[in-house]
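Welcome, and please open your viewer so that we can walk through this structure together. Keep the selection tool handy, and follow along one stop at a time.

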Amino acid sequence: MTSYLASYIPAIKSIIPQSSPSVAALPEVGEQAPAKVGSVDLKSGGGRPTLLAFVRHCGCPFAEKEVQLLGAESRKNEKLHVVIVQHSDEATTQQWFEDIG
């Protein structure tokens, strides 16, 4: 019985965020969105259409699947610039992207 319950631990852990990044101040109404946030430059697409996707934290199985699908689409369509925003800090996110392919 114990091993059966233990098999659920990875799934349960996947719904708990692994880190919490700092957040910027709220923008004012009518204020222009920043072109660059941290190392993410929304204008780096070279004029290509940009798909901006918001996903959950690292380790979330739904976010993992979405990131894999977006990566596949990005590799298939060179005219598409994909930017993924999620809840974990940048270092954790980069490692997670490498881990999930």
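Let us begin with V85. This is a predicted model, and in it V85 is partly exposed, with a relative accessible area of 33%. To find V85, select strand β4, residues 81-85. Now add V40, L42, L52 and F54 to the selection: together with V85 they form a nonpolar patch on the surface. The five side chains in your selection share about 400 Å² of accessible area. V85 can belong to such a patch because its relative accessible area is 33%, and patch residues need over 30%.

Next, zoom out and colour by secondary structure. You should find four helices and four strands. Following the chain from the N terminus, the elements run α-α-β-β-β-α-β-α. The chain has 101 residues, of which 21% count as buried.

For a buried example, select C58. Where does C58 sit? Look in the loop between β3 (50-54) and α3. C58 counts as buried because its relative accessibility is 4%, and the cut-off for buried is under 20%. While you are there, draw a distance from the C-alpha atom of C58 to that of Q86: the separation is 7.8 Å, although the two residues are 28 residues apart along the chain.

Now move on to helix α3, residues 61-76, and show the side chains of K76 and E73. How many salt bridges does a search of the whole structure find? The search finds one, and you are looking at it: K76 pairs with E73, with 3.3 Å between the closest N and O atoms. The two residues are three apart in the helix, so about one helical turn separates them. The partners can also be described by their accessibility: K76 is exposed at 66% relative accessible area, while E73 is partly exposed at 31%.

Stay with α3 for the last stop, the second largest pocket. Rolling a probe the size of a water molecule over the atoms shows where empty space is left. The second largest pocket has a volume of about 160 Å³. To see its lining, select V67, Q68, L70, G71, S74, R75, V82, I84, F97, I100 and G101. The elements that contribute two or more residues to this lining are α3, β4 and α4 (90-100). Which of them gives the most? That is α3, with six residues. Finally, colour the lining by class: you will see six nonpolar, four polar and one charged residues.

Key. Residues numbered from 1 in each chain as written. Predicted model: local features only at pLDDT ≥ 70, side-chain atom pairs only at ≥ 80, totals over all residues. Heavy atoms only, no water. Patch = residues over 30% accessible without salt bridge, like charges linked within 9 Å, V, L, I, M, F, W, Y side chains within 5 Å. Areas by Shrake-Rupley, 256 points an atom, 1.4 Å probe, with all protein chains shown as cover. Salt bridge = Lys/Arg side-chain N within 4 Å of Asp/Glu carboxyl O. Buried < 20%, exposed > 50% of the residue type's maximum accessible area, 1.4 Å probe, protein only. 1 Å grid on protein atoms, 1.4 Å probe; cavity = no way out; pocket = protein on both sides within 12 Å on 5 of 7 lines; lining within 4 Å. Points joined across faces, edges and corners; volume = space filled by probe spheres on them. Nonpolar A, V, L, I, M, F, W, Y, C, P; charged D, E, K, R; others polar.
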